[in-house]
Amino acid sequence: MAKTKPPVQKNQTIELKFEDLTHEGNGVGKVDGYPLFVPYGLPGERAEVKVVKVKKNFGFGKLMDVIEASGERVEPPCDVYYQCGGCQLQHMSYEMQLEMKQDQVKNALKKIAHLEDVPVHEAIGMTDPWRYRNKVQIPVGEKEDGQLMTGFYQKRSHNIIDMDTCLIQDEMNDRMVEAVRRIATDLGITAYDEENHRGVLRHIMVRTGQATKDIMIVLVTKTKKLPHKEALIDKIREAYPNVKSIVHNVNSAKTNVILGKETHVIYGDEYIYDTIGDIKFMISPKSFYQVNPSQTKKLYDQALKYADLRGGETVIDAYCGIGTISLFLSQKAKKVYGVEIVPEAVTDAKKNARLNKMDNAEFFVGEAEKLMPWWRNQGLKPDVIVVDPPRKGCEEDLLHAMADMEPERIVYVSCNPSTLARDLKILEDRGYATKEVQPVDMFPQTSHVECVAWLERKS
Ligand code: SAH
């Protein structure tokens, strides 16, 4: 067969009609059947596009001008939206974002697991889909005049965009970053420079307890010493007395990983607190804690609804983190077993159980894919199993061990529809029926999708 050449060339400008969206939120248009992916293009739109990359079976384009705009196109409120790599969907109405996320889950279920009949509900969104993030980790740089600046990296680069605000961040986080930047500039603290591996301040991290208004500030330095430490602490406390904890973290390595191993609490407590529903959580600098607490409540409520507990059940919560879902479950169950790979998170989970006077939850450090088969071999018979794995989904060993234990119900919380669909297929083959899936929008303005799936054992 004759080799077909792509119908477009690099740097060519063409008119394109977008028919579809990728899961990153890029518009897809075709030239003689050859697909071009174009960031910021919306289905239904006609646009002028410059071809920037040509591969054998597909290419990439840059949106130059929208000729016929979609009714779903909105003006992004953020000034740096088109430079920043943080958000992908600000040019899209929020209704369309929710629809896109629902479709993505539907498509993954259909294409990967052949589950076209499973109801996938409308994504549960936020009334005000802005200012939701309780945690910021922002790189520090220097302007020409020596003043410190903070901002996220430009897309596909490590150039810091000088910015004063991030519209998906809690306003308190913005204010804390601004205060630290100003105070550190006044004290003559330098920014870390990645290129020559010199300088001091690498990142400012802030965590806010949205329910408690507690604030934790983490200063990440390349140097072992934090210069002007006392003055820095005094000035931060003077400006914001509600700061409960200031932490110094040392990261001397040439790495993209933000936090280093060495952590010193230099003011206040090692923890801050937050509440979700009726449960209080202690949060330490390094532990995983959901970034959108008001949506987390909706996500956990949905998981609890699907678990349908009556009080007498034994439940396993795999990938339990600091025990958030476990403690939600233990309000309604007889016994909950949690497993998590990060030892510090398990320590936090145990403390959180005590803090909430819950004595029916027990936590274990380990790999879920090892502990689940071990529990099976010990003869444990859970009534319900909840899993909430990272993006890569569950290991097959874990899925088989789960099915072997024959729980009535499985509740699968997922941040990646593709691995969810892959795993549902295995569980379907092992005697479980997927009843429904509920997406919850945990990350408005970005292309991330979160959902909860409910499975029942076929009789
Ligand atoms: N359910 C929790 C945490 C979910 S995030 C919450 O809602 O807050 C996923 C968690 O899985 C993380 O805490 C991560 O440390 C943990 N993890 C990753 N791989 C694991 C494995 N193989 N076994 C057990 N836990 C793992």
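This passage describes salt bridges, charged surface patches, helix packing and backbone geometry in a predicted model.

A search of the whole structure finds 22 salt bridges. One of them joins D404 and R430, with the closest N and O atoms 2.7 Å apart. This pair links distant parts of the chain. D404 belongs to helix α8, whereas R430 sits in the loop between α9 (417-429) and β19 (432-440). The two residues are 26 positions apart. D404 is partly exposed, at 30% relative accessible area. R430 is also partly exposed, at 32%.

A second bridge pairs E178 with R182, at 3.5 Å between the closest N and O atoms. Both residues lie in helix α2, four residues apart, so about one helical turn separates them. In general, an α-helix has 3.6 residues a turn, so residues three or four places apart point the same way. E178 counts as partly exposed, because its relative accessibility of 29% falls between the limits of 20% and 50%. R182 is partly exposed as well, at 39%.

The side chains of R422 and D423 also meet in a salt bridge, with an N to O distance of 2.9 Å. Here the burial of the partners is as follows. R422 is partly exposed, with a relative accessible area of 35%. D423 is buried, at 0%. Elsewhere, salt bridges that share partners join E15, R46 and E68 into one network.

Charged patches were found on the surface. K10, K53, K55 and R156 form a positive patch. Within it, R156 lies in the loop between β7 (148-150) and α2 (171-186). R156 is exposed, at 81% relative accessibility. A negative patch is formed by E72, E95, E99, D103 and E122. Of its members, E95 is placed in helix α1. E95 is exposed, with a relative accessible area of 56%.

Q9 is separated from K55, a member of the positive patch, by 46 residues in sequence and by 9.9 Å in space, C-alpha to C-alpha. Q9 lies in the segment before β1 (13-21). Its relative accessible area is 55%, so Q9 is exposed. Beyond its neighbours within four places in sequence, Q9 contacts V51 and V54.

Helix α1 (residues 94-113) also holds Q102. Unlike the exposed E95, Q102 counts as buried, at 12% relative accessibility. Residues up to four places away in sequence aside, Q102 touches V120, H121, E122, A123 and P439. Among these contacts, E122 is a member of the negative patch.

Helix α7 spans residues 368-377. Its buried residues are A368, E369, L371, M372, P373 and W375. They pack against four strands, β14 (314-318), β15 (335-340), β16 (361-365) and β17 (384-387), and against helix α8 (396-404). G379 follows α7 and has a positive phi, near 85°.

Backbone geometry was also examined outside glycine. Most residues other than glycine have a negative phi. Y40 has a positive phi, near 75°. Y40 lies in the loop between β3 (34-38) and β4 (46-54). At 13% relative accessible area, Y40 falls under the 20% cut-off and is therefore buried. R131 is not a glycine either, yet its phi is positive, about 55°. R131 is found in the loop between α1 and β6 (135-142). R131 counts as partly exposed, at 24% relative accessibility.

Conventions. Residues are numbered from 1 along each chain as its sequence is written. This is a predicted model: local features need pLDDT of at least 70, side-chain atom pairs count only at pLDDT 80 or more; totals for chains, interfaces and linings use all residues. Side-chain values use heavy atoms; hydrogens and water are left out. Patches are made of residues with over 30% relative accessible area and no salt bridge: like charges are joined within 9 Å, nonpolar side chains (Val, Leu, Ile, Met, Phe, Trp, Tyr) within 5 Å. Accessible areas come from the Shrake-Rupley method with a 1.4 Å probe; for residues, only the protein chains shown count as cover. A salt bridge is a side-chain nitrogen of Lys or Arg within 4 Å of a carboxyl oxygen of Asp or Glu. Lys and Arg count as positive and Asp and Glu as negative; His and the chain ends are not counted. The place of a charge is taken as NZ of Lys, CZ of Arg, CG of Asp or CD of Glu. Buried means under 20% relative accessible area, exposed over 50%, partly exposed in between (1.4 Å probe, protein chains only). Contact means heavy atoms within 4.5 Å.
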